[in-house]
Protein chains: 2
Amino acid sequence: MNSDLTLSSLRDKGHKITNVRKEVVGMFSQADKPLTAQELHKALKTIGLSVNKTTVYRELQFLTDQGYLVEVHLNPKETSYESTDLMHHHHLICETCGKIDNVTNCLAKELEEDVLKKKGFEIARRSLEFYGTCADCSKKS
Amino acid sequence: MNSDLTLSSLRDKGHKITNVRKEVVGMFSQADKPLTAQELHKALKTIGLSVNKTTVYRELQFLTDQGYLVEVHLNPKETSYESTDLMHHHHLICETCGKIDNVTNCLAKELEEDVLKKKGFEIARRSLEFYGTCADCSKKS
DNA sequence: ATTAATTCGCAAATGTCTTGCATATTGTAT
DNA sequence: ATACAATATGCAAGACATTTGCGAATTAAT
Ligand SMILES: [Mn+2]
Ligand SMILES: [Mn+2]
Ligand SMILES: [Zn+2]
Ligand SMILES: [Zn+2]
């Protein structure tokens, strides 16, 4: 548990609880994949909370600044975000259907220590994504 | 050698050799880090070849389509490119000074096979970047 | 109910990247 | 050298994600 993305945590830190914040926090708690500003905006509208896109951007900025979310760059078009509460994992991105799956195994620990200490480079964070074809899409071809 | 980014290779494939193409190919051959459209545009201007930014974008698109370059997404702001001729490597990105270094070691292949075959996911390409503080910047702090 | 701090909506601006179209350049055939 | 077809280029216009300014609305505490 990296930061505890909950309303009570936010309240404890003295942050205001707005309708948008409430819903966004809920969505990230339940999300099984990274979410973009556009996706959130649409999802909020769907549940009847019509909010301005700017507000969504500001909320993402806020939650990221507070350490509740991290940016994930899966494509060059738009930034995705996910909760920092999530267990360490990497992404499997199907380039055919777009589905995003997770790998919870960590593939890089030895590599990090071995190679990077030699360079004197202190790793703060890593980004590892696999692009390819998911099982479902493989069958269909 | 993945694709041979040279003028003769381009000629052999029937592609025209323009001044811009000549210089861009040269720049990618010598580059020790991924380059962005903006960086190329500036570099071309510096050597006295004032070309429109659109042309730079189109050249990058062209060389990527032909398999000479690959996109690298180091930050959410802009896309970088590098030659596919380069030896397999990953990036060390210093978040303090912006310097980009390479790691030529690769992830344990077995791990990829082990974990991903279980998911039935066929890996086409992987993206691995480390963000942190380089040796130089560590010393200064 | 007051009030201070924060958030929201709206319009405008940024910056990257793309597209349409007319013109210029390249490589090749004559 | 000339003519031609294919391709590349410049310029203007657009598409879009993301940011910013600012006044109005909302939140939480007094
Ligand atoms: Mn994830
Ligand atoms: Mn590289
Ligand atoms: Zn798929
Ligand atoms: Zn540095």
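Which polar backbone atom is 2.8 Å from a phosphate oxygen of DNA strand C? In this predicted model, the atom belongs to B:T79, and its partner is a phosphate oxygen of DNA strand C. Side chains join in too. A polar side-chain atom of A:T18 sits 3.1 Å from a phosphate oxygen of DNA strand C, while B:R58 has a polar side-chain atom 3.3 Å from a base oxygen of DNA strand C.

Stepping back to the whole surface near the DNA, 20 residues surround DNA strand C, and the closest are A:K16, A:R21, A:T55, A:R58 and B:K16. Of the strand C atoms that come within 4 Å of the protein, 66% are sugar and phosphate. Sorted by class, the surface near DNA strand C has nine polar, seven charged and four nonpolar residues. As for where these residues come from, α4(B) gives the most to the surface near DNA strand C, namely four residues.

Now for the two protein chains. Here 38 residues of chain A are in contact with 36 residues of chain B. The size of an interface is often given as the accessible area lost when the parts come together. For chain B and chain A, about 3,200 Å² is buried between them, with 63% of it on carbon and sulfur atoms. Three residues stand out: B:F121, B:F130 and B:Y131 supply 20% of the area that chain B buries against chain A, more than any other three residues.

There is polar company as well. Between chain B and chain A, 18 residue pairs are in polar contact, both residues being at pLDDT 80 or more. The side of chain B that touches chain A is made up of 18 nonpolar, nine polar and nine charged residues. Four salt bridges are counted between chain B and chain A. One of the salt bridges links A:K119 with B:D101, where the closest N and O atoms are 3.3 Å apart.

Several elements of chain B share the work of touching chain A: β4 (90-94), β5 (100-103), α5 (109-119), β6 (122-133) and α6 (135-139) each supply at least two residues. The largest share comes from β6(B), with 12 residues. This strand also has a partner across the interface. Strand β6 (residues 122-133) of chain A pairs with β6(B) in the antiparallel sense, over 11 bridges. Within this pairing, A:Y131 stands opposite B:R125 in β6(B).

Definitions and conventions:
Residues are numbered from 1 along each chain as its sequence is written. Chains are lettered from A and ligands numbered from 1 in the order in which they are written. This is a predicted model: local features need pLDDT of at least 70, side-chain atom pairs count only at pLDDT 80 or more; totals for chains, interfaces and linings use all residues. Side-chain values use heavy atoms; hydrogens and water are left out. Contact means heavy atoms within 4.5 Å. Buried area is the accessible area (1.4 Å probe) that two parts lose on being put together, summed over both. A salt bridge is a side-chain nitrogen of Lys or Arg within 4 Å of a carboxyl oxygen of Asp or Glu. A polar contact is a pair of N or O atoms within 3.5 Å; within protein, one must be able to donate a hydrogen and the other to accept it, and residues adjacent in sequence count only if both atoms are side-chain atoms. Ala, Val, Leu, Ile, Met, Phe, Trp, Tyr, Cys and Pro count as nonpolar, Asp, Glu, Lys and Arg as charged, and the others, Gly among them, as polar. Two strands pair if DSSP finds at least two bridges between them. A residue is near a molecule or strand if one of its heavy atoms lies within 4 Å of it.
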